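Student: I should like to look closely at a single part of this structure. Could you please take one strand and describe its surroundings step by step?

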Amino acid sequence: PLPVLSASNLIKTYKLADGREVRAVDDVSLTVQAGDVLGLVGESGCGKSTLGRCLLKLMDVSSGQIVFEGRDITHMREATLRPLRQRMQMVFQDSYASLNPRRRVGALLAEPLKVHRQADGQRRSSIAITHRLEELMDLVALSRDALERYPHEFSGGQRQRINIARALALSPRLIVADEPVSALDVSVQAQIVNLFADLREQLGLTYLFIAHDLAVVRQISTRVAVMYLGGIVETGQTDVVLCQPAHPYTRALMQAVPRPIVGGAKPPSLKGDIPSPMKRQAGCRFHTRCPVAQPYCAANVPVLQRLDDGRDVACHFPVA
Ligand code: SF4
Ligand code: MG
């Protein structure tokens, strides 16, 4: 079957004011199949958010190719892209920043329904919009009178439900969720992750779920991609990758994990600093911090290779 989304050899470079280049996304290829939840994990600053934005064309890539539902959207004009945009939505971490505080929730959620036409080219009637808004409140388990209230009247978790409702308004196929629970209280995180899981089942959604919290990713993802310094170092089924990590970086991330509860931003127990993505280093991107690095690693770039269990690992000496 046709993947919902696939990307090949994506590169995203930024030019800094002083002319130096940062390679935030460095030759990333990935595929998201229908119904998958691909968890994208890695420390902050590894390029997860940039990659997510590039994939949804909220940002242009420097090179590479992005295919959504079989169509190459990499250089698609905005007018051609617009009907496809309904089918790919983003949910951000900061539930408050993405909601205009001066507008009622009903007006915020009606916006996309007014802007985009229906599949038959017709505009939605105001009755149809009202019905849809009520449906959306039911989907995210908020009461319908929430539509009459303002964003500040809600808790962080409720606001994230509003953001999810807005992302669902146009019945998307794919949702890219960028750290959607990181800003929430621990007690609320599981509720929102469960909501994502329920909605996926109920609506047949596909997710790219970006998170630095492995417990969250383990809870919701069918597959995982581990990112380090702009590149994917290991990817495969969640239980395979997170239960028996083969890449030394994934292992280090997992060792930082044993925590009783979901939540919190604990730095992984890795030695040394993350090298600057500005200095393009030779060899393995992880070799400056890798506990099992060999001299060979400093000079030779490992590419993703399939192991017998179906996962892909970019390491010369993966743990079998
Ligand atoms: Fe470590 Fe070498 Fe594997 Fe890189 S290639 S992760 S340095 S063992
Ligand atoms: Mg981020």
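Tutor: The following account concerns strand β8 and its neighbours in this predicted model.

Strand β8 spans residues 206-211. Of its 6 residues, 6 are buried, so the strand is largely enclosed by the rest of the structure. A residue is called buried here if 20 or more other C-beta atoms lie within 10 Å of its own.

Let us next consider the directions of the side chains. In a regular strand, the side chains alternate between the two faces of the sheet. In β8, T206, L208 and I210 point one way, while Y207, F209 and A211 point the other way. Residues of both sets are buried.

We may now turn to the strands that pair with β8. One partner is strand β3, residues 37-41, which pairs with β8 in the parallel sense over 5 bridges. Within this pairing, V37 stands opposite Y207 of β8. Another partner is strand β7, residues 174-178, which runs parallel to β8 and is joined to it by 5 bridges. Here D178 has I210 of β8 as its bridge partner. Thus Y207 and I210, which point opposite ways from the strand, each have a named partner: V37 in the case of Y207, and D178 in the case of I210.

Finally, there is the connection along the chain. Helix α6, residues 186-203, forms a right-handed β-α-β unit together with β7 and β8. Strand β7 therefore appears twice in this description, as a parallel partner of β8 and as a member of the β-α-β unit, in a setting where β8 is largely enclosed because its 6 residues are buried.

Notes: Residues are numbered from 1 along each chain as its sequence is written. Chains are lettered from A and ligands numbered from 1 in the order in which they are written. This is a predicted model: local features need pLDDT of at least 70, side-chain atom pairs count only at pLDDT 80 or more; totals for chains, interfaces and linings use all residues. A residue is buried if 20 or more other C-beta atoms lie within 10 Å of its own, exposed if 12 or fewer, and partly exposed in between; C-beta atoms are placed from the backbone. Helices (H or I, at least four residues) and strands (E, at least two) are DSSP runs, numbered from the N terminus. Two strands pair if DSSP finds at least two bridges between them. A crossover is right-handed if, with the strands pointing away from the viewer, the path from the first strand over the helix to the second runs clockwise.
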